[in-house]
Amino acid sequence: ATQHITYEDTRLKLALAIDGQESLVESNCLCDAEVNDLVNRGISLARHAPRNEEFFEPVPPQVYKESNAWFESTANLTLKDKVRSIEKICGRARGQALELYGNLESSIDSTSVMNSNGLFVEQPSTSIKLGLTAKTLNGNGSSQYHVSESDWNHFDFEKIFTDSAETAIKSNNPKHLSPGKYTVILSPKAVSEYLMFLFWGMDARMSDLGQSFFANDNGTKLGQKLFDEKINLSSIHLHPRLPQLKFGQAFGSGGSAAGSVFSLGLPVSSINWIENGVVKNLRYSPYYAKLKGKKPIGYPFNLVLGGGESSVAELIKDVAHGILVNSFWYVNPTDWNSISLTGLTRDGTFLIKNGEIAEPVNSFRFNDSPVKSLNKITGMSKQEKTHGEYWPCLMPWLRIEEFNMSAVSTAV
C-alpha cells in the first residue's frame with residue numbers, strides 16, 4: 001500500500017431562492033455560528049444574483065418505494081479485511097510477473113433532504129469501489145477493471161484478479177492490424193461506455209430544439225421504432241444487483257447549481273427508454289417537465305441492456321475475421337444529431353480468426369455510432385454486472401457487424 005486515508009465528514013448544502021434569484025452555499029463546519037453565517041452568505045449571494053428564468057420550486061413531500069442501499073457486510077468492513085484481500089491478489093500478481101495498480105474505497109453515508117416545501121427524507125447507504133489495472137513487466141500487456149458494489153459479499157476478488165491477469169498476459173506484445181470495418185465483440189464494460197452517450201442524447205429539450213438524433217420535423221422520435229426489436233434499454237429501480245437510494249435529483253437542474261439541490265428528494269423509479277426497438281421515454285429536467293406538463297423523476301443512475309442466450313465462446317465461434325474489445329477509453333461525441341462517437345480501444349484488443357481468439361493486436365481509434373451499432377447486432381450474451389467509466393450497469397457481450405476502426409492507436 002502506498003496510501004491509506006480514513007476520514008469522516010458532514011456537509012451541509014444550502015440552496016436559496018428569492019424571487020427566482022438563486023444561490024448555493026456549502027460548509028462542513030456545523031456549529032451554530034457557522035450555520036448562521038452560511039445562511040446570511042446564501043441570502044446575500046441570492047440577492048445579488050440574476051433571476052433564473054428556469055427556476056422551479058423545491059420538491060414537495062413525496063411517496064417513496066422503499067429501497068435497501070445499506071449492507072452490514074460493508075458497514076462492518078475493517079482495514080484488515082481490505083488489506084488481506086489486496087495482499088492475496090498482489091501475491092498472485094508477483095507469481096505471474098504482473099504489476100497491479102489500483103484503489104479500493106469503501107464508504108458509509110447518510111443523505112438527508114429538508115426544504116421549505118415540507119419535504120424531509122433521509123436514507124443511509126454503503127458502497128465499495130475497486131479500480132484495478134494489471135500490467136506485464138514490459139508494459140506491453142494491460143487490463144483495466146472497475147467494480148462497484150454496495151454489498152462486500154458480492155466482491156469476488158479471485159475472479160476479478162483472474163480475469164485481470166488473463167487479459168493482461170494475453171494482450172502482451174500485440175501484433176499490427178490495419179484499421180478498417182470489422183465484426184467486433186464488445187465486452188459488457190465496453191458496451192456500457194459506448195451506450196451512455198446514446199442515453200445522454202435522449203433529452204426531450206434537445207430533441208424539441210432539433211439538437212439531437214431523437215429530433216424530427218414534427219418534434220421528437222418518441223414512439224418510433226428506430227432499433228432492432230431485440231433492443232431493450234432501461235433504468236431499473238429496486239434491482240437486487242443495482243442498489244440505490246429511494247430518492248434522487250432530477251435530469252438537469254434548470255440551468256443552475258441551486259436547481260440540483262431543489263430537485264433533491266424526487267422519487268426514483270424504473271424507466272423503459274427503448275422497448276423492442278421503440279423509443280418509449282425521453283429525459284426531462286424539472287423546469288422542462290413543468291413546461292410540457294410532464295412529471296419529473298429522480299435520476300436512476302444505472303443502465304440495463306437486455307441480453308440474449310449466447311455464451312462468449314458461441315459469439316466468437318461464428319466470427320471468421322474480427323476483433324474482441326475489452327475496454328474503450330476517452331470516448332467523446334463528434335455529432336449529437338447522429339450520436340457519432342470517437343474513442344480508443346485499450347487494455348486488451350484481440351484478433352478473432354476462424355472462430356478463435358488468434359492473437360493480441362494494437363489498439364484502435366474508432367469512429368462510429370451506437371445508433372448504427374444497435375441495428376447491426378448479430379449476437380448477445382446474458383447480462384453481466386459491470387462498471388465502466390460512468391455507472392453500474394447490467395450489459396451483455398455484443399457482436400456487432402461493420403464497426404469502424406478508423407486508425408491505429410499506440411495506447412496499450
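Let us start at proline 286, which lies in helix H8, residues 286-291. This is a predicted model, and in it proline 286 is buried, with a relative accessible area of 7%. From there you can look across to serine 260: the two are 26 residues apart in sequence, and their C-alpha atoms are 9.7 Å apart in space.

A similar look across the chain is possible from phenylalanine 56, whose place is in the loop between helix H1 (32-48) and helix H2 (72-75). Phenylalanine 56 is buried, at a relative accessible area of 8%. Its C-alpha lies 7.7 Å from that of phenylalanine 262, although 206 residues separate the two in sequence.

Now step to the helices on either side of that loop, beginning with H1. At 1.5 Å a residue, its 17 residues should span 24 Å, and the end C-alpha atoms are 25 Å apart, which agrees. Three residues of H1 are named as buried: Leu38, Gly42 and Ala46. Seen down the helix axis, these buried residues fall within an arc of 60°, so they line one face of H1. What covers them includes strand S1 (12-18) and strand S2 (21-27). Turn to the other side of H1 and you find Asp32, Ala33, Asn40, Arg47 and His48 exposed.

In helix H2, pause at threonine 74. With 3% relative accessibility, threonine 74 counts as buried, since the cut-off is under 20%. Leaving aside neighbours within four places in sequence, threonine 74 is in contact with Ser107, Thr126, Ser127, Ile128, Ser150, Asp151 and Trp152.

Helix H4 (residues 157-170) invites the treatment we gave H1. Its 14 residues should span 20 Å at 1.5 Å a residue, and the end C-alpha atoms are indeed 20 Å apart. The buried residues here are Phe157, Ile160, Phe161, Ser164, Ala165, Thr167 and Ala168. Viewed down the axis of H4, they fall within an arc of 165°, so they too line one face of the helix. The cover over these residues includes helix H3 (79-95) together with strands S3 (98-114), S4 (120-136), S5 (142-149), S15 (321-335) and S16 (340-353).

H4 also takes part in the second largest pocket, which has a volume of about 900 Å³. Which residues lie nearest the centre of this pocket? They are Tyr145, Lys159, Asp163, Glu384 and Trp397, out of 32 lining residues. The elements that give two or more residues to the lining are S5, H4, helix H5 (188-200), helix H9 (312-317), S15, S16 and S20.

Strand S20 leads us on to a sheet. Six strands form this open sheet, in the order S13-S12-S9-S14-S21-S20, with mixed pairing. Its edge strands are S13 (278-279) and S20 (384-387), each of which pairs on one side only. Strands of a sheet pair through backbone hydrogen bonds, either parallel or antiparallel. Within this sheet, S9 (residues 233-235) and S12 (residues 271-275) run antiparallel and are joined by three bridges. Here serine 234 stands opposite asparagine 272 in S12.

Our last stop is serine 373, in helix H10 (residues 370-373). Serine 373 counts as buried at 3% relative accessibility. Not counting residues up to four places away in sequence, serine 373 touches Tyr194, Asp368, Ile400 and Phe403.

Technical notes:
Residues numbered from 1 in each chain as written. Predicted model: local features only at pLDDT ≥ 70, side-chain atom pairs only at ≥ 80, totals over all residues. Heavy atoms only, no water. Helix = DSSP H or I, 4+ residues; strand = E, 2+ residues; numbered from the N terminus. Expected span 1.5 Å × (residues − 1). Buried < 20%, exposed > 50% of the residue type's maximum accessible area, 1.4 Å probe, protein only. Arc of directions from axis to C-beta. Contact = heavy atoms within 4.5 Å. Pairing = 2+ DSSP bridges. 1 Å grid on protein atoms, 1.4 Å probe; cavity = no way out; pocket = protein on both sides within 12 Å on 5 of 7 lines; lining within 4 Å. Points joined across faces, edges and corners; volume = space filled by probe spheres on them.
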